[in-house]
Amino acid sequence: MNLFNNDMANDDRALSLSELNGLVRNAIYGQLPETYWICAETSDVRVHTASGHCYLEFVEKDERSGQIVAKARGVIWAQTFHVLQPYFEEETKQSFVSGLKVLVRVSVEFHVLYGYSLTVEDIEPSYTVGDMVKTRRAIVRQLQEEGIFELNKELPMPTLPQRIAVITSPTAAGYEDFASQLIHNEAGYAFYLKLFPAIMQGDRVEASVIEALDAVCRHETCFDVVVMIRGGGSASDLHCFDSYPLAAHCAQFPLPVITGIGHERDDSVVDLVAHTRMKTPTAVANFLIDRMDEAADELDELQQTACALPLYRLVENGEQLRTLISYLPSIAASRIERSKGRLLALGNGIIKANVLIIKQSVALEATAQGLRNRLTTFVANKRNELELSGQYLKMASPDYVLQRGYTIILKEGRIVKRAAALAANDSFIIRFADGERAGILKSDKN
């Protein structure tokens, strides 16, 4: 459907886009002739190498969701940027990069070709410093509330920290100084260094250092400590170490973490959670050497004690021996007298025992003789009794009776003792001394 008729399309009152943009520009300049202080976050910060102009975007985010709710293009012309950049970085110790909360004075521009933009005229560093401090405090508070802020500090520092995992840039001069100082230490201590390369400046520090920490963790048992050093760089680059994920990794790392990433006045959140914080790589090397010196001094002290103790024992025992020698004669005499007394008592006891033994021997002999006499009499009596029993048994024997002329009548194998035991026609056997005869009892009637 065509909303415009041909007459309208050819109407001389129609505006070109540039004319409309010009009207908008004039309206803006008419209503917004001044500069304004605004709070915003920097994004997509780029410095044009040839011109020196700084191009960026200003964004505003919802505090809860983090979603962008406003956006505007910005520019800092080279003449202004050359003044504002060093001023800002000196005051904040922070590079002018993306992701910063800033307070800037801007003028509103509307270009017919490029559209709406903000031109930066001035900047207030204290606002950014305050926001950075606020952010750091929030990170520290979160780590404390989670109970991990002091975890790495609670790990015991090894007595001999010789196996060292080093996280730094391999091209950093600070790493070369650190390694040289350890390897060529005057005491000749042996240190074993393993480099885990990482980016130590810029936006990629957090991910790179965490990746290096994870690599060390996979070989945890091979190392005593982790050293995190930064080879040079300005204090303004420290902001990348004010990172919650990086600080949380360091705080919960299973090995003591020693940092040398800042300067004497500057402490990052990573420094705060590390086991030991030193200001430079050289200071870290000195700390490790001093730790070895302490162990060596303790060992020397133990060695001296071990050497001196036997001599002390000899002197002490010599004194005791001399004291014993001085008391030995009286002790020996006393012991001899006591021994004589015990020997005399023992001799008397032996004599009494001998007398008792003799008496007991006589008594035993008498008892034995009595036993022998009684036994002889007992045996003789028993023998006589046996002889009499034998004679009685002999006389009572049927054979003995038969030899004297008597006979024995047997009925069915049994001795017949009464006449009534035999009836008429009973068979019986008559036994004589020299044999037997069978017979049958006849009836009296026959």
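**Close-ups of a predicted model**

**View 1. Thr259 sits in strand S9.** This is a predicted model, where local features need pLDDT of at least 70 and side-chain atom pairs count only at pLDDT 80 or more, while totals for chains, interfaces and linings use all residues. Residues are numbered from 1 along each chain as its sequence is written, and side-chain values use heavy atoms, with hydrogens and water left out. Helices (H or I, at least four residues) and strands (E, at least two) are DSSP runs, numbered from the N terminus. Thr259 is buried, its relative accessible area being 0%; buried means under 20% relative accessible area, exposed over 50%, and partly exposed in between, with a 1.4 Å probe and protein chains only. What does Thr259 touch, leaving aside neighbours within four places in sequence? Its contacts (heavy atoms within 4.5 Å) are Met228, Val270, Asp271, Ala274, Thr276, Arg277, Met278 and Val284.

**View 2. Here's the largest nonpolar core, with 36 residues.** Such a core is a set of buried Ala, Val, Leu, Ile, Met, Phe, Trp, Tyr and Cys residues joined through side-chain atoms within 4.5 Å. Leu143, Ile167, Val209, Leu213, Val216, Met228 and Phe241 have the most contacts inside it. At least two core residues apiece come from helix H4 (125-145), strand S6 (163-168), helix H6 (205-217), strand S8 (225-229), helix H7 (244-251) and helix H8 (269-273). H6 chips in the largest share, seven residues. Zoom in on Met228 and, not counting residues up to four places away in sequence, you'll find it touching Ile167, Met200, Val209, Leu213, Phe241, Cys250, Val257, Ile258, Thr259, Gly260, Ile261 and Val270. Another core lies apart from this one, with 21 residues that include Phe58, Ala72, Phe110 and Leu118.

**View 3. Helix H7 has a cap and a set of buried residues.** At the N-terminal end of H7, Ser243 does the capping, with a side-chain oxygen 3.3 Å from the backbone nitrogen of Leu246. Leu246 is itself buried, and so are Ala247, Ala248, Cys250 and Ala251. Their cover includes H4, H6, S8, strand S9 (257-260) and H8.

**View 4. Helices H3 and H4 cross.** Two packed helices are described by the angle between their axes and the distance between the axes. For H3 (residues 78-92) and H4, the axes come within 9 Å and cross at roughly 35°. Axes here are lines fitted to C-alpha atoms, for helices over the stretch in contact, with angles running from 0 to 180 degrees between N-to-C directions. The crossing is right-handed, meaning the near helix is turned clockwise from the far one by less than a right angle. Tyr87, Phe88, Glu91 and Thr92 of H3 meet Pro125, Thr128, Val129 and Met132 of H4.

**View 5. Strand S1 pairs with both S4 and S2.** Strands count as paired if DSSP finds at least two bridges between them. S1 (residues 35-47) runs antiparallel to S4 (residues 101-111), joined by seven bridges, with Cys39 partnering Leu103. Five bridges link S1 to the antiparallel S2 (residues 54-61), where Ser43 is matched with Glu57. The S1-S2 hairpin has six residues between the strands, and Gly52 takes a positive phi near 85° there.

**View 6. Arg431 in S13 has a bridge partner in S14 as well as Ile408.** Strands S11 (residues 408-411) and S13 (residues 427-432) pair antiparallel over three bridges, and Ile408 partners Arg431. S13 and S14 (residues 435-440), also antiparallel, share six bridges. Arg431 stands opposite Glu436 in S14, and the hairpin from S13 to S14 goes through two residues.

Conventions. Polar contact = N/O pair within 3.5 Å; in protein donor to acceptor, adjacent residues only side chain to side chain.
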